[in-house]
Amino acid sequence: MLASTVLYGLLAFASTACAASPKKQIKYEVVTGVFAQDSPSTDPNTFNFLTTNFGLLNRTYPSDPTSPDSKYSTQWQRLNKYIKYLNKEKKTRYTLLFLGRHGEGFHNAAESYFGTPAWNCYWSERDGNSTTTWADAKLTENGIVQAQAVNKFWASLLSEQKITPPQSYYTSPLYRCLDTARLTFASLPLPKKSPFVPTVKEFLREGISAHTCDRRSSKTYIHQNFPDYVFEKGFAEQDPYWKALMAEPSADQDIRSKAVLDDIFTHDDADVISITSHSGEIGSLLRGMYTLPA
Ligand SMILES: *[C@@H]1O[C@H](CO)[C@@H](O)[C@H](O)[C@H]1NC(C)=O
Ligand SMILES: *[C@@H]1O[C@H](CO)[C@@H](O)[C@H](O)[C@H]1NC(C)=O
């Protein structure tokens, strides 16, 4: 878990995968110049995707219609056409990824309350105190409001900007992500052919530490709380990875982040994919694609 002060960050960008043969290594790259997030002049501390159209840059694409066409009047409609145009080149696959971080959880609030040293050395290894639970933390009231704001934003983009919503959805198995995804997408007027039915993927979880907020709940518990979600094949009943006082090295995290991306890209040919995960894990996913500004 990153000791990040950013409570909700969302990065959206297009990524290319050279998947000429599924047996070969898939190589990922970010297509720069489409979203403001990858511009060196964008300050991640002040960047707000809610006020900047997800960071989508106003620009022309080589696939823009040559005469006015009401089907392509917004930037999102033209981007969608551009992705289809790029995908005509068969050797490279172009996908728009929406990487959503969960809203504030009780573990985030507890870290602020106790201070990072006391949190890391003592409280984070307990399930909670006498009044608050932060093991597999749920969203705080503030975290719920954050996710609802993103839901409103998606609703306006769908109705006003004619954005193409994700065609498939993936989420971390930790409660705060399962719930953020539901609050963000479940009530939207989505196309019938691409409903909100997320797949729960073990390797989208946060970097594993001794903190109890990194221990997921059982498959049965997740199913009871999110009955419409599907589990990836082989998803275990009990968390197979979390062990008290053990931490996952970040090199290992990057390897499983690459494995989960390869799995998604090998089995899913959607043009637009949503992933709900964590700040540390999104950082790890991006490390495999893209050299982040230091
Ligand atoms: C992009 O274009 C829209 C609509 O024309 C406009 O409202 C918005 O301010 C522009 N954004 C930037 C960053 O230029
Ligand atoms: C338990 O921790 C929370 C912070 O997460 C704090 O607000 C609350 O006051 C604590 N309860 C007690 C009894 O100290």
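**Cut-offs at work**

Me: What makes the link between ligand 2 and Tyr 113 a polar contact?

Reply: An oxygen atom of ligand 2 sits 3.4 Å from an N or O atom in the Tyr 113 side chain. A polar contact is a pair of N or O atoms within 3.5 Å (within protein, one must be able to donate a hydrogen and the other to accept it, and residues adjacent in sequence count only if both atoms are side-chain atoms), so this pair qualifies. Keep in mind that this is a predicted model, where local features need pLDDT of at least 70, side-chain atom pairs count only at pLDDT 80 or more, and totals for chains, interfaces and linings use all residues. Residues are numbered from 1 along each chain as its sequence is written, chains are lettered from A and ligands numbered from 1 in the order written, and side-chain values use heavy atoms, leaving out hydrogens and water.

Me: Which atoms of ligand 2 pair up with Asn 129 and Thr 131?

Reply: For Asn 129, an oxygen atom of the ligand, 2.3 Å from a polar side-chain atom. For Thr 131, a nitrogen atom of ligand 2, at 2.7 Å.

Me: How do you know how much of ligand 2 the protein buries?

Reply: Taken alone, ligand 2 exposes 360 Å², and the protein buries 62% of that. Those areas come from the Shrake-Rupley method with a 1.4 Å probe; for residues, only the protein chains shown count as cover.

Me: Why is Cys 177 called buried or exposed?

Reply: Buried means under 20% relative accessible area, exposed over 50%, partly exposed in between (1.4 Å probe, protein chains only). Cys 177 comes out at 0%, so it's buried.

Me: And Cys 121, buried or exposed?

Reply: Exposed, because its relative accessible area is 63%.

Me: How do you know whether Cys 177 is in a disulfide?

Reply: A disulfide is a pair of cysteine sulfur atoms within 2.5 Å. The closest cysteine sulfur to that of Cys 177 belongs to Cys 213 and is 11 Å off, so that's too far for a bond. Searching the whole structure turns up 0 disulfides. Cys 121 is in none either, with the nearest cysteine sulfur, again in Cys 213, 14 Å away.

Me: What makes helix 5 mostly covered?

Reply: Of its 11 residues (175–185), 9 are buried. Among them are Tyr 175, Arg 176 and Asp 179. Helices here are DSSP runs (H or I, at least four residues), numbered from the N terminus.

Me: Why does Glu 281 count as buried?

Reply: Because its relative accessibility is 0%. Glu 281 lies in helix 8 (residues 279–287). Leaving aside neighbours within four places in sequence, Glu 281 has contacts (heavy atoms within 4.5 Å) including Arg 205, Gln 253 and Arg 256.

Notes:
Helix = DSSP H or I, 4+ residues; strand = E, 2+ residues; numbered from the N terminus.
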